[in-house]
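Here is a set of short exercises to work through with the model open beside you. Try each task before you read its solution.

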Amino acid sequence: MTPLAPYQTYLAAEQNFQEQRIEGASPLELTCILYEGAIQAVEQAQLFLKRGDILARGRSIARAQSIVLELMESLDRKKGGDFADRLGLLYDYLLSKLNEAHSQQSLEALQQVQKLLGDLFAAWSQIAERPDGMPRLSEESSVDLAV
């Protein structure tokens, strides 16, 4: 048994869990899973930036960008109307901050993206947890989508 065997076993189990989670997820849950992945990628990019690992930082930022693009492409602008349009603008902003983070090696830009993704994730999680899938309109659970 190699020293990496327990770690490889853990990774395989984690991948299996994630695959099962995705297969059984509702559209709202899939949205939350995408946000989780984007947040994780941004967190990793920050770590790699601090370590000076340029290649790994670039891969993590590219992963975050891909997820944000997927979220953007999933917007139903006909049904979502103004909300979808504003969310699309926010996704554009996130992509520009990720580009800035990559090109300027900006920890601040990554932190800003992480904060915004965290706020969006919290809002979508609240919606996904409701039995009717509808958001509660209260000040404490709102996300300002004005960009």
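Before starting, one definition is needed: a residue is called buried under 20% relative accessible area, exposed over 50%, and partly exposed in between. Please also keep in mind that this is a predicted model.

**Exercise 1. Take stock of the fold and of the confidence in it.**

Task: Find how many helices and strands the protein chain has, and which helices have the lowest and the highest mean pLDDT.

Solution.
- Step 1: Count the elements. The protein chain has five helices and zero strands, so its order from the N terminus reads α-α-α-α-α under the DSSP-based assignment.
- Step 2: Look at the overall confidence. The average pLDDT of the protein chain is 85, and 76% of the residues score at least 70.
- Step 3: Go element by element. Helix α1 (residues 5–23) has the lowest mean pLDDT, 61, while helix α3 (residues 54–73) has the highest, 97.
- Step 4: Check the stretch at residues 137–147. Its pLDDT is below 50, and the model gives this stretch 14 contacts beyond near neighbours in sequence.

**Exercise 2. Work through three salt bridges.**

Task: The whole structure holds four salt bridges. For the pairs Asp 85 with Arg 77, Arg 86 with Asp 82, and Lys 97 with Glu 100, state the N to O distance, then sort the partners by exposure.

Solution.
- Step 1: Begin with Asp 85 and Arg 77, whose side chains meet at 3.3 Å, N to O. Arg 77 has a relative accessible area of 39%, so it is partly exposed. Asp 85, at 36%, also counts as partly exposed.
- Step 2: Move on to Arg 86 and Asp 82, where the N to O distance is 3.2 Å. These two residues lie four apart in helix α4 (residues 77–104), which means about one helical turn separates them. Arg 86 is partly exposed at 37%, whereas Asp 82 is exposed because its value is 51%.
- Step 3: Finish with Lys 97 and Glu 100, whose closest N and O atoms are 3.0 Å apart. They are three residues apart in helix α4, again about one helical turn. Lys 97 is buried because its relative accessible area is 12%, and Glu 100 is partly exposed at 25%.
- Step 4: Recall the helix rule behind such spacings. An α-helix has 3.6 residues a turn, so residues three or four places apart point the same way.

**Exercise 3. Compare each of two helices with its expected span.**

Task: Give the number of residues and the end-to-end reach of α3 and of α5, then find what covers their buried residues.

Solution.
- Step 1: Take α3. Its 20 residues reach 28 Å from first C-alpha to last, close to the 28 Å expected at 1.5 Å a residue.
- Step 2: List its buried residues. Among them are Ala 56, Gly 58, Ile 61, Ala 64, Val 68 and Leu 71. Their cover includes α2, α4 and α5.
- Step 3: Take helix α5 (residues 107–129). Its 23 residues reach 32 Å, close to the expected 33 Å.
- Step 4: List the buried residues of α5, including Leu 110, Val 113, Leu 117, Leu 120 and Trp 124. What covers them includes α2 (27–51), α3 and α4.

**Exercise 4. Follow the contacts into the core.**

Task: Describe the largest nonpolar core, then trace the contacts of Leu 110 and Gln 46.

Solution.
- Step 1: Start with the core. It has 29 residues, and those with the most contacts inside it include Tyr 35, Leu 87, Tyr 91 and Leu 110.
- Step 2: Ask who supplies it. Each of α2, α3, α4 and α5 gives at least two residues, and the largest share, eight residues, comes from α2.
- Step 3: Place this in context. In soluble globular proteins, nonpolar side chains tend to be buried together.
- Step 4: Zoom in on Leu 110. Leaving aside neighbours within four places in sequence, Leu 110 is in contact with Val 42, Ala 45, Gln 46, Leu 49, Ile 61, Leu 98 and Ala 101.
- Step 5: Turn to Gln 46 in helix α2. Gln 46 counts as buried because its relative accessibility is 8%. Beyond residues up to four places away in sequence, Gln 46 touches Leu 107, Leu 110, Gln 111 and Gln 114.

How values were computed. Residues numbered from 1 in each chain as written. Predicted model: local features only at pLDDT ≥ 70, side-chain atom pairs only at ≥ 80, totals over all residues. Heavy atoms only, no water. pLDDT = per-residue confidence, 0-100. Contact = heavy atoms within 4.5 Å. Buried < 20%, exposed > 50% of the residue type's maximum accessible area, 1.4 Å probe, protein only. Expected span 1.5 Å × (residues − 1). Core = buried A, V, L, I, M, F, W, Y, C linked by side-chain atoms within 4.5 Å.
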